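Student: I am new to this structure and would like a close look at a single part of it. Please choose one stretch of the chain, go through it residue by residue, and then place it among its surroundings.

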Amino acid sequence: EAREVSKHFPVRIGAGRTAVVRAVEDATLALQPGRIVALVGESGSGKTTLARLLARFYPPTSGEIRLRGKAVRGKERDYHRDVQLIFQDPFGSLNPLHRVRYNLERALRLHHGVRARAELNRRVLELLDRVSLSPADQFVDKFPHELSGGQRQRVVIARALAVEPKVLLGDEPISMLDVSIRLEMLNLLDRLRTEDGLALLYITHDIASARYLCDDIVVMYAGRMVEGGPKDDVIASPLHPYTKLLIDSSPDPDRIGGDRDALFDSTAEDLGEPPSLIDPPSGCRFHPRCPFAMDVCKTAVPPRTELPNGQWTHCWLQQEETR
Ligand code: SF4
């Protein structure tokens, strides 16, 4: 769980000058066993920073990360076992000098103290089988360069599963894969959350795949969460103008299984440039691009408005409507 988490990075902007990148601001998010939350937004919206905060790659500037109701501080080994992050790039996630076997055995040794050769063999083959790399004995002694992108990403997922996590954070896990195997990977993630009761955060710029996989959607824009709630409600009746723009720019869900290429090629990158996070717009960060912007939007951050169906947003329009 992230509670009002912010992350600011100091950066050099030349000639001895520094500035602050406000990458994530006041993010609140909860993950639950067996449910998938999609975190959707353009590049530079803060989704990857939030994933890294949740994985404790670095501490938040303010706010709190919690696991099972307890605040997490410092580098706790148990936390890194319970929460695993899968990166976008399966090519860079595996050491090219090591065979598949080594990558999986290392995780089993480090996190579970498995030493016996027979036990390591058995568990490695079982893991490969779980991610549908079968027959497993044909993959176990391969090097990463001998595998396709999809196969490499399956090995990365198997390595994460070796640790037996409770939470899986997938940072654009299908975006670098061939369009033809993206649907298979989404189905694999869906199966794992059902079989293992994993809490899954699926980070993507592609609202169509989020719509296909997740239970809930959270939308980020320029470092802030702007809307969230049950997938069907957010997609059928978006509250925030930016969410509406995202949905309008994505293909029709009825085309799932039909024109799959178009579906998984959809992208939020077509929506124009997001603002700089060094000097983000005041008030609502979306106001320079919003057709409904009012004076208040330029000066004050919109508070959260919640609906009885669990949908919520940060937009002054909704505040006006609920008055
Ligand atoms: Fe548009 Fe104002 Fe709502 Fe921001 S708060 S999305 S500027 S109407």
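Tutor: A residue is called buried here if 20 or more other C-beta atoms lie within 10 Å of its own. The model is a predicted one, and the word "buried" is used for it throughout.

A short helix shows how the term works. Helix α1 spans residues 47-54 and is mostly covered, with 7 of its 8 residues buried. Those buried residues are K47, T48, T49, L50, A51, L53 and L54. After α1 comes R56, whose phi is positive, near 60°.

The part to look at closely is strand β8, residues 199-204, where 6 of the 6 residues are buried. The strand has two faces. A199, L201 and I203 point one way, while L200, Y202 and T204 point the other way, and all of them are buried.

Next come the strands beside β8. On one pairing, strand β3 (residues 36-40) runs parallel to β8 and is joined to it by 5 bridges. One pair to find is V40, whose bridge partner in β8 is T204. On another pairing, strand β7 (residues 167-171) also runs parallel to β8, again with 5 bridges. Here D171 has I203 of β8 as its bridge partner. To get from β7 to β8 the chain passes through helix α7 (residues 179-196), and this β-α-β crossover is right-handed.

Strand β7 can be followed one step further. It is mostly covered, with 4 of its 5 residues buried. Strand β6 (residues 83-86) runs parallel to β7, and 4 bridges join the two. G170 of β7 is the bridge partner of I86, and G170 also stands opposite Y202 in β8. From I86 to G170 and from G170 to Y202, a reader can trace a path from β6 to β8.

Two residues of β8 also belong to a wider set. The largest nonpolar core has 74 residues, and L201 and Y202 are among those with the most contacts inside it, along with A38, L39, A158, L213 and V219. Helix α6 (residues 149-162) gives this core its largest share, 7 residues. L213 links several of these elements: leaving aside its neighbours within four places in sequence, L213 is in contact with I36, A38, L186, L189, D190 and Y202.

Elsewhere in the model there is another sheet, which β8 can be set beside. Its 4 strands form an open sheet in the order β2-β1-β4-β5, with antiparallel pairing. β2 (17-29) and β5 (70-71) are at the edges with a single partner strand each, so one side of each has no neighbour in the sheet. Within this sheet, strand β1 (residues 2-14) and strand β4 (residues 62-67) pair in the antiparallel sense over 3 bridges. S6 has S62 of β4 as its bridge partner.

A ligand is the last thing to locate. It is surrounded by 14 residues, the closest being C284, H287, C290, C297 and C315. The shell around the ligand divides into 12 nonpolar residues, 2 polar and no charged.

Methods:
Residues are numbered from 1 along each chain as its sequence is written. This is a predicted model: local features need pLDDT of at least 70, side-chain atom pairs count only at pLDDT 80 or more; totals for chains, interfaces and linings use all residues. A residue is buried if 20 or more other C-beta atoms lie within 10 Å of its own, exposed if 12 or fewer, and partly exposed in between; C-beta atoms are placed from the backbone. Two strands pair if DSSP finds at least two bridges between them. A crossover is right-handed if, with the strands pointing away from the viewer, the path from the first strand over the helix to the second runs clockwise. A nonpolar core is a set of buried Ala, Val, Leu, Ile, Met, Phe, Trp, Tyr and Cys residues joined through C-beta atoms within 7 Å. Two residues are in contact if their C-beta atoms, placed from the backbone, lie within 7 Å. A residue is near a molecule or strand if its C-beta atom, placed from the backbone, lies within 6 Å of it. Ala, Val, Leu, Ile, Met, Phe, Trp, Tyr, Cys and Pro count as nonpolar, Asp, Glu, Lys and Arg as charged, and the others, Gly among them, as polar.
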